[in-house]
Amino acid sequence: MNTVSSASDLMTFEDFRVLVSEGRKADLIEGVIYMASPDSRRANQLTSLVDFLWRGFVSARGLGGEVYVNRFAFQLDPWTALEPDVAYVSATRLHLVQEGRREGGPDVAVEIVSRDSRERDDIQKRKLYEAHGVGEYWILDAVQRRAEFLRLGDDGRYDYVPLKENRWFESRPLPGCRLNVEWFIPDPLPNAWECLQQMLNTP
């Protein structure tokens, strides 16, 4: 991921919208624009899997929220706007979404970690999502094949969510959403339709 701005000329969100053309994935972090490198094959597959599972689950359960992929900006402040790889906004907060952005963070943000984004995803973005009240932050590492799930506690800090039976994660912002972390590890990834059926058949 390449930077566009310099420390002496920090970018605002309005600059970000002008300089980054539609269809390009980038993040604005404290006035600096980071352009994303093209996805690896595995990162693209992980993004597609989460997108498919969420859209199918939200539709089947009638949750009414919306799923956003890659190139939708969540403006956290005048100098910071992040574009999570996948994001979910609940039905009760959709009124805050505008055509080209949402002011504030999503209910759930997912970042697919690559070699050049690991420090930003694990440190910078984690701090930003935490500070701006993003309820859950999922980190899926396409290189190291790890899956971590963070949830905002009553103290406003992220805690790692313990898995049930060492493999099942249950999301709060997506009520009833139960995921097997082992779905995100193998290569090739499992059949997405079969995973969705397991989610929908879970009591």
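Here are a few notes on the charged pairs in this structure, plus one buried asparagine.

1. Before anything else, keep in mind that this is a predicted model. Everything below describes that prediction.

2. Let's start with the charges. Side chains of opposite charge can pair when their charged atoms come close. In this model the count comes to 18 salt bridges. I'll go through some of them here.

3. Which parts does the pair Asp187 and Arg41 tie together? Their side chains meet in a salt bridge, at 3.6 Å from N to O. Asp187 sits in the loop between strand 14 (178–180) and helix 4 (192–200), while Arg41 belongs to helix 2 (residues 41–61), so the bridge joins parts that are 146 residues apart in sequence. As for the surface, Asp187 is partly exposed at 36% relative accessibility, whereas Arg41 is exposed, with a relative accessible area of 54%.

4. Next, have a look at Asp107 and Arg93, whose side chains form a salt bridge with an N to O distance of 3.1 Å. Asp107 is in the loop between strand 8 (102–103) and strand 9 (108–113), and Arg93 is in the loop between strand 7 (86–89) and strand 8, so this pair ties together parts 14 residues apart in sequence. Is Asp107 buried or exposed? Its relative accessible area is 12%, and buried means under 20%, so Asp107 counts as buried. Its partner Arg93 is partly exposed, at 25% relative accessibility.

5. Another pair to find on screen is Glu170 with Lys164: they form a salt bridge, and the closest N and O atoms are 3.3 Å apart. Glu170 is partly exposed at 33% relative accessibility. Lys164 is partly exposed too, with a relative accessible area of 45%.

6. Which residues are linked in a network of salt bridges? Try selecting Arg118, Asp122, Asp141, Arg146 and Glu148 together, and you'll have that network in view.

7. Finally, a stop away from the salt bridges: Asn70, in the loop between strand 4 (66–69) and strand 5 (74–77). Asn70 has 9% relative accessibility, and since the cut-off for buried is under 20%, it counts as buried. What is Asn70 in contact with, leaving aside its neighbours within four places in sequence? The list is Lys25, Thr47, Glu83, Pro84 and Asp85. So if you centre your view on this loop residue, which is buried at 9%, those are the residues to show around Asn70.

Technical notes. Residues are numbered from 1 along each chain as its sequence is written. This is a predicted model: local features need pLDDT of at least 70, side-chain atom pairs count only at pLDDT 80 or more; totals for chains, interfaces and linings use all residues. Side-chain values use heavy atoms; hydrogens and water are left out. Helices (H or I, at least four residues) and strands (E, at least two) are DSSP runs, numbered from the N terminus. Buried means under 20% relative accessible area, exposed over 50%, partly exposed in between (1.4 Å probe, protein chains only). Contact means heavy atoms within 4.5 Å. A salt bridge is a side-chain nitrogen of Lys or Arg within 4 Å of a carboxyl oxygen of Asp or Glu.
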